[in-house]
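Student: I have a new model on my screen. Can we go through it by question and answer?

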Amino acid sequence: MISEIYETSKKFKLTQRPRRLRRSQALRTLAKETRLSSLDLVYPIFVDARIKSQEPIQSMPGINRLPLSEVHKEALEVSSLKIPAILVFGLPERKDATGTEAYASSGIVQQAIQIIKKTAPQLAVISDVCLCEYTDHGHCGIVKNGSIENDETLNLLGKVAVSQVRAGADIVAPSAMMDGQVKAIRNRLDESNLNETAIMAYSAKFASAFYGPFREAAESTPRFGDRRAYQMDPPNKREALREIALDIQEGADIVMVKPALSYLDIINQARNQFNTPLAAYNVSGEYAMIKAAGNNGWIDEKAVTMEVLTSIKRAGADIIITYFAKDVARQLQATNQ
Ligand code: PBG
């Protein structure tokens with residue numbers, strides 16, 4: 001019986017045998033279509049004005065909030081791992097209704113940017129332009145009668161961007177999902193003679209439950225309601241493409257899809273439809289799930305991380321923002337990739 005099967009299989013004259021290129025690591029390397037590199041990655045950090053030493057973020061194992069005094073160490077580490085860029089989030093000393101600390105020249109993010117540019121000038125510094133970490137109500141814009149005012153918020157976002165660029169930011173990344181935010185920021189920067197600074201627009205940012213751990217990290221959970229009146233509705237793909245097209249028209253230099261994993265179809269379509277550099281944000285909940293399962297011994301964390309980030313690149317992202325950036329860069333270094 002066994003020998004019969006062997007006999008018949010011997011007779012096959014298959015012209016195409018895809019397995020031929022899977023026989024060894026060297027052959028698989030030659031046939032590899034997508035190569036993940038530390039050079040594709042951006043590492044997000046949280047700088048907290050109220051602390052003197054690092055504080056772990058419970059739902060994001062391995063990620064800490066940093067005091068200003070530890071920012072230079074982090075910048076050196078990121079740079080030594082050949083990660084080209086860092087994305088800076090801030091937790092201010094005080095929050096208020098209009099997020100004043102977001103555009104203070106001595107604000108926490110502004111100070112952190114200065115330190116990074118001084119310590120590791122070769123690193124590109126990207127700053128998050130939003131109000132939610134700085135407002136006492138936790139929304140991304142000005143609140144009037146319980147709703148988020150679009151056009152009044154635009155003014156403030158412009159101020160935030162200018163103050164961050166004056167501190168040294170190379171790229172500003174508006175994430176508030178206000179209509180016209182890219183145009184408002186572009187105008188404001190240009191009026192301030194800052195026309196060389198690029199904008200990375202969070203163009204298709206969905207109202208996602210995957211942001212949970214970030215809101216713990218940044219203490220930016222809205223005090224009332226949610227963000228569904230400004231962030232996108234997850235079922236909508238055509239609308240996402242329209243948002244991206246609008247941001248390109250408004251002057252975005254890089255567009256983004258966020259989160260990444262449940263939105264790979266949108267990343268892929270955006271890559272096929274637009275020529276603007278495309279970023280994808282592998283968000284906090286996506287990180288937390290892998291860490292939790294890995295820490296429980298339920299999955300192989302390193303292998304899953306590689307697979308996941310490679311899938312985001314294969315879908316079409318040029319730039320991947322991920323809390324795994326340092327882990328992955330170390331892994332790639334260790335295997336000489
Ligand atoms: C700020 C902002 C958020 C994230 C990035 N910028 C939170 C939100 O919109 O609620 C989420 C990032 C993450 O989950 O890793 N608006």
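**Helix H6 and its surroundings**

Student: Which residues of helix H6 are buried?
Tutor: This is a predicted model, so keep that in mind throughout. Helix H6 covers residues 181–191. In an α-helix with 3.6 residues a turn, residues three or four places apart point the same way. The buried residues of H6 are Gln181, Val182, Ala184, Ile185, Arg186 and Leu189.

Student: What covers the buried residues of H6?
Tutor: Both strands and helices take part in the cover. The strands include S5 (124–129), S8 (171–174) and S9 (198–205). The helices include H5 (150–167) and H8 (238–250).

Student: Which residue with a positive phi follows H6?
Tutor: Look at what comes after the helix. Phi there is positive, near 60°. The residue is Asn193.

**The chain as a whole**

Student: How many helices and strands does the protein chain have?
Tutor: H6 is one of the helices, with residues 181–191. Count both kinds of element over the protein chain. The answer is twelve helices and twelve strands.

Student: What radius of gyration does the protein chain have?
Tutor: Start with the expectation: a compact globule of 337 residues would be near 20 Å. The value for this chain agrees with that. The C-alpha atoms fill a box of roughly 80 × 45 × 40 Å along the principal axes. The radius of gyration is 22 Å.

Student: What share of the contacts joins residues 24 or more positions apart?
Tutor: Consider contacts with a separation of 6 or more. Of those in the protein chain, residues 24 or more positions apart account for 74%.

Student: What percentage of the residues count as buried, and how much area does the chain expose?
Tutor: Of the 337 residues, 52% count as buried. Carbon and sulfur atoms supply 50% of the exposed area. That exposed area is about 16400 Å².

Student: How far apart are the centres of the positive and negative side chains?
Tutor: The chain has 42 positive side chains and 39 negative ones. Each set has its own centre. The two centres lie 9 Å apart.

**Buried side chains**

Student: Is Arg65 buried or exposed?
Tutor: Arg65 lies in strand S3, residues 64–66. The cut-off for buried is under 20% relative accessible area. Arg65 has 9%, so Arg65 is buried.

Student: Which side chain makes a polar contact with the side chain of Arg65?
Tutor: Arg65 is in contact with residues including Phe46, Asp48, Glu216 and Glu219, leaving aside neighbours within four places in sequence. The Arg65 side chain reaches the backbone oxygen of Glu216 at 3.3 Å. The side-chain partner, at 3.5 Å, is Glu219.

Student: What separates the C-alpha atoms of Tyr43 and Phe324?
Tutor: Tyr43 lies in strand S1, residues 41–48. At 4% relative accessibility, Tyr43 counts as buried. Tyr43 touches Thr322, Tyr323, Ala325 and Lys326, among others. Tyr43 and Phe324 are 281 residues apart along the chain, and their C-alpha atoms are separated by 7.7 Å.

**Loops**

Student: Is Gln231 buried or exposed?
Tutor: Gln231 lies in the loop between helix H7 (212–218) and H8. Among the residues Gln231 touches are Met177, Ala207 and Tyr211. Its C-alpha atom is separated from that of Ala207 by 4.8 Å. At 4% relative accessibility, Gln231 counts as buried.

Student: Met177 has a positive phi. Is Met177 buried or exposed?
Tutor: Met177 lies in the loop between S8 and H6. Its phi is near 60°. Its relative accessibility is 8%, so Met177 counts as buried.

Student: Asn145 also has a positive phi. Is Asn145 buried or exposed?
Tutor: Asn145 is found in the loop between strand S6 (142–144) and strand S7 (147–149). Its phi is near 45°. At 84% relative accessibility, Asn145 counts as exposed.

Student: Which residues does a cis peptide bond join?
Tutor: Look in the loop between strand S10 (254–258) and helix H9 (264–273), where Pro259 is found. Omega of the cis bond is about -10°. The bond joins Lys258 and Pro259.

Student: What separates the C-alpha atoms of Ser106 and Leu21?
Tutor: Ser106 is found in the loop between strand S4 (85–91) and helix H4 (108–119). Ser106 is exposed, with a relative accessible area of 51%. Ser106 and Leu21 are 85 residues apart along the chain, and their C-alpha atoms are separated by 57 Å.

Terms used: Residues are numbered from 1 along each chain as its sequence is written. This is a predicted model: local features need pLDDT of at least 70, side-chain atom pairs count only at pLDDT 80 or more; totals for chains, interfaces and linings use all residues. Side-chain values use heavy atoms; hydrogens and water are left out. Buried means under 20% relative accessible area, exposed over 50%, partly exposed in between (1.4 Å probe, protein chains only). Helices (H or I, at least four residues) and strands (E, at least two) are DSSP runs, numbered from the N terminus. Contact means heavy atoms within 4.5 Å. A polar contact is a pair of N or O atoms within 3.5 Å; within protein, one must be able to donate a hydrogen and the other to accept it, and residues adjacent in sequence count only if both atoms are side-chain atoms. The radius of gyration is taken over C-alpha atoms; the globule rule is 2.2 Å times the number of residues to the power 0.38. Accessible areas come from the Shrake-Rupley method with a 1.4 Å probe; for residues, only the protein chains shown count as cover. Lys and Arg count as positive and Asp and Glu as negative; His and the chain ends are not counted. The place of a charge is taken as NZ of Lys, CZ of Arg, CG of Asp or CD of Glu.
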